[in-house]
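Visitor: I would like to learn how to read the features of a protein model, step by step. Could you take me through one?

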Amino acid sequence: MSFALVFSGQGTQHPAMLPWLADDEHVRDTCARLGVDDWRRALADPDWAERNDNAQTLLTGLALAAWGQLAPLISSPAAVAGYSVGELAAFSAAGVIEPATAAALAPLRAEAMDRCAARVPGGLLAVSGLSESRLEQIRDEAGLALAIRNGNDSVILGGPRAALDHAERKALAAGAQCTRLRVHVASHTPWMREAAAGFAQTLAQVPFHAPRVVLFSNARDRIRDAASARTALAAQIATTVRWDECMENVMARQVRCVLELGPGQALARMWNQRWPTVPARACDDFRSAAAIAAWLNSHADR
């Protein structure tokens, strides 16, 4: 079975996500870490759900739990990648860090980012439907940074809130589609440099291993050893996520299908728009882990 496994980031979390996820030890540990009894009920409160520390801790813990429940039913993926905070679970799935380590790192990552955001409140704005040159012009005029590049005409800009407001007005007037993400920090931009440096110090004390499967970082590069994994996981906090190039590298592995693990279907949708002959599905689409395994198996010999 040649499939790619991609882990979602934050911003699309919702109470009904991962309907098949069993209440196992990983889930209970995550709830305990967050001080909640029921994570679905907690997510029903938008203010709670959008807090950076809650989102990163919860989504990492649930992704680890979901992969732990799914992995025994299928073979190893041909390639693994994580989108933004999804890298924590992706690096764990690839054998770079232990699941318990990834779960413990999530709130520390969020805490480092929140300290930066307390000084310069910011966020993220998704913009699509304009030419690359027009997007760059709007970004530069507003004084924002390129946080995530999903394609030539589909980007996520990050920076201070006032600058985001300015860019959104300009982009809408130019005919763009804009969405303010449910993220209250300027992730993957220079405003997070101190967070990246602080998280790097944290990671220096953490055991890392070479990946057991092909692993791509948000910087589009393949992770081949423990040292590069440690560097990449910290650096991505303050540098652009090159998701379009990351997807190209995954496609180069000649995978037969792609599975998105996490909330929503954003990564699967992006993949299907670009490579419709190689199907992608999201775990949110299924009602059981067995159904996910059956879908993956259905593409094994094609």
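Guide: We shall go through the sheets, the helices and the nonpolar cores in turn, keeping in mind that this is a predicted model.

Visitor: In what order do the 6 strands of the open sheet stand, and what is their pairing?

Guide: An order is read across the sheet from neighbour to neighbour, and here it is β8-β7-β2-β1-β9-β10, with mixed pairing. Because β8 (222–223) and β10 (280–282) stand at the edges and have a single partner strand each, one side of each is left without a neighbour in the sheet.

Visitor: In which sense do β1 and β9 pair?

Guide: Strand β1 (residues 3–7) and strand β9 (residues 257–261) are parallel and are joined over 5 bridges; within this pair, Ala-4 is opposite Val-258 of β9.

Visitor: Which helices pack on these strands?

Guide: Helix α4 lies across β1 and β9, and its direction is at about 135° to β9. Helix α12 (residues 266–274) also packs on the sheet, where it touches β1, β9 and β10 and makes about 165° with the direction of β10.

Visitor: How does the open sheet of 4 strands pair, and what is its order?

Guide: The pairing there is antiparallel, and the order is β4-β5-β3-β6. Its edges are β4 (145–151) and β6 (177–180), each with a single partner strand, so one side of each has no neighbour in the sheet. From one strand to the next the twist averages 20°. Inside this sheet, β3 (residues 122–128) and β5 (residues 154–160) run antiparallel and are joined by 7 bridges, and Gly-122 has Pro-160 of β5 as its bridge partner.

Visitor: At what angle do α7 and α8 pack?

Guide: Helix α7 (residues 132–142) and helix α8 (residues 161–173) pack at about 145°, their axes being 9 Å apart, and the crossing is right-handed. Ile-138, Glu-141 and Ala-142 of α7 make the contact with Ala-163, His-166, Ala-167, Lys-170 and Ala-171 of α8; sorted by class, these are 5 nonpolar, 1 polar and 2 charged residues.

Visitor: Which residues touch the most other members of the largest nonpolar core?

Guide: In soluble globular proteins, nonpolar side chains tend to be buried together. Here the largest core has 100 residues, and Phe-7 and Trp-243 touch the most other members, while helix α4 (residues 52–70) gives the most to this core, with 9 residues. Apart from this core lies another one, of 16 residues, including Leu-125, Leu-130, Leu-157 and Ala-171.

Terms used: Residues are numbered from 1 along each chain as its sequence is written. This is a predicted model: local features need pLDDT of at least 70, side-chain atom pairs count only at pLDDT 80 or more; totals for chains, interfaces and linings use all residues. Side-chain values use heavy atoms; hydrogens and water are left out. Axes are lines fitted to C-alpha atoms, for helices over the stretch in contact, and angles run from 0 to 180 degrees between N-to-C directions. Helices (H or I, at least four residues) and strands (E, at least two) are DSSP runs, numbered from the N terminus. A crossing is left-handed if the near helix is turned anticlockwise from the far one by less than a right angle, and right-handed if clockwise. Contact means heavy atoms within 4.5 Å. Ala, Val, Leu, Ile, Met, Phe, Trp, Tyr, Cys and Pro count as nonpolar, Asp, Glu, Lys and Arg as charged, and the others, Gly among them, as polar. A nonpolar core is a set of buried Ala, Val, Leu, Ile, Met, Phe, Trp, Tyr and Cys residues joined through side-chain atoms within 4.5 Å. Buried means under 20% relative accessible area, exposed over 50%, partly exposed in between (1.4 Å probe, protein chains only). Two strands pair if DSSP finds at least two bridges between them.
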